[in-house]
Amino acid sequence: MNQPISITAFASLSALGSNPKEIWQNYLLDKHFLSEKEISPQGRNDQKNVFVGQISKENQQKIDELRKSDSKYKNLDDTVLFAIYVSREAIKNANWDFKDNFGVNFGSSRGATKLFEKYHQEFIETQQSSTLSSPTTTLGNISSWVAHDLQTSGPEISHSITCSTALHSLLNGVAWINSGMSNKFLVGGSEAPLTDFTIAQMQALKVYAKRHSELVSESHPIENYPCKSFDLKKKQNTMVLGEGASAVCLEKGNVENAIATISGIGYATEILKHNTSVTTDAECFQKSMKMALGNTNPNEIDAIVMHAPGTIKGDQSEINAISKIFCNKTPFLTTNK
């Protein structure tokens with residue numbers, strides 16, 4: 001790192017809530033916040049329930065109010081509206097002027113999922129496409145709308161790197177600030193993938209949590225813990241898709257009253273044997289952790305927020321990678337899955 005970079009504010013929206021106090025209180029409860037959603041698998045008429053991480057009705061109402069607040073927003077996908085919502089909150093918490101010259105980098109693994117599927121279905125049925133189908137589903141659709149809403153004239157970046165997308169937004173923000181091209185950057189990620197087709201895709205990969213009373217481990221029925229990231233004895237994959245967004249405000253240097261300081265970053269790429277492969281010891285995770293640590297003694301690390309999506313091989317490989325790097329003193333491990 002050329003210089004420390006401060007995190008001066010953040011905001012998030014998820015099944016856990018939309019403000020830090022509420023989210024923290026929900027984290028402390030001995031219960032999950034996954035719910036059930038009725039879907040029609042693979043276009044069939046029969047319905048079935050699946051587990052999802054869905055925002056509350058109260059927070060969905062806030063998003064609906066945002067959609068109605070501006071005529072230009074009524075045709076936007078939830079990914080864009082989620083991002084606008086958390087960005088406004090983050091900027092407010094950081095006391096940034098809405099017209100500051102800061103950059104924006106919002107990423108999304110799947111992008112405008114609901115709208116894309118809607119417009120594609122319309123085309124299948126009518127052989128015609130809506131005028132708005134392209135501008136509202138492009139990958140750059142999120143960052144550009146956030147920048148428009150906040151009236152910033154800084155750079156706008158969009159990208160997609162599946163599960164590490166939002167962290168790559170932070171990486172990009174750090175790179176821009178270190179380059180001297182910007183003193184502030186708003187970074188984050190937004191997802192709204194809870195559609196029939198997208199869930200069916202995950203089910204086809206055989207990684208999605210099943211909805212029945214079958215025991216996933218000897219100790220806990222799946223109803224109690226649908227996603228079992230830390231159960232390394234589970235007999236089936238238990239990944240659950242969720243929706244939501246988060247935004248983080250980055251500023252150059254050590255800023256007074258900053259929430260945290262970024263002193264190291266790490267990144268790596270897994271060499272694939274097939275489309276969804278991961279090595280037994282997650283070599284890419286090891287490389288990125290080593291890079292982020294730099295000269296820091298691993299014993300000084302207090303906690304690691306893991307990816308751990310609830311899959312048998314993925315969860316185990318992460319644990320193996322952490323064990324390789326931290327040896328006999330494993331930090332506190334957590335995941336929000």
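Lys228 counts as buried, since its relative accessibility is 5%, and Asp231 counts as buried too, at 15%. In this predicted model, Lys228 and Asp231 form a salt bridge whose closest N and O atoms are 3.8 Å apart.

That pair belongs to a wider set: a search of the whole structure finds eight salt bridges. Here are three of them, with their N to O distances.

| Salt bridge | N to O distance |
|---|---|
| Asp78 and Arg67 | 2.7 Å |
| Lys228 and Asp231 | 3.8 Å |
| Asp281 and Lys324 | 3.9 Å |

Let's take Asp281 and Lys324, whose side chains meet in a salt bridge. Asp281 sits in the loop between strand S8 (260-262) and helix H8 (283-293), while Lys324 is in helix H9 (residues 312-326), so the pair ties together parts 43 residues apart in sequence. Asp281 is partly exposed at 25% relative accessible area, and Lys324 is partly exposed at 48%. Elsewhere, Asp64, Arg67 and Asp78 are joined into one network by salt bridges that share partners.

Within that network, Asp78 and Arg67 form a salt bridge, and both residues are buried.

Now to the strands. Strand S7 (residues 244-252) is mostly covered, with seven of its nine residues buried. Strand S1 (residues 5-13) pairs with S7 in the antiparallel sense over eight bridges, and Ile5 has Lys252 as its bridge partner in S7. Strand S6 (residues 184-191) also pairs with S7 in the antiparallel sense, over eight bridges; there, the bridge partner of Phe185 is Leu250 in S7.

Technical notes: Residues numbered from 1 in each chain as written. Predicted model: local features only at pLDDT ≥ 70, side-chain atom pairs only at ≥ 80, totals over all residues. Heavy atoms only, no water. Buried < 20%, exposed > 50% of the residue type's maximum accessible area, 1.4 Å probe, protein only. Helix = DSSP H or I, 4+ residues; strand = E, 2+ residues; numbered from the N terminus. Pairing = 2+ DSSP bridges. Salt bridge = Lys/Arg side-chain N within 4 Å of Asp/Glu carboxyl O.
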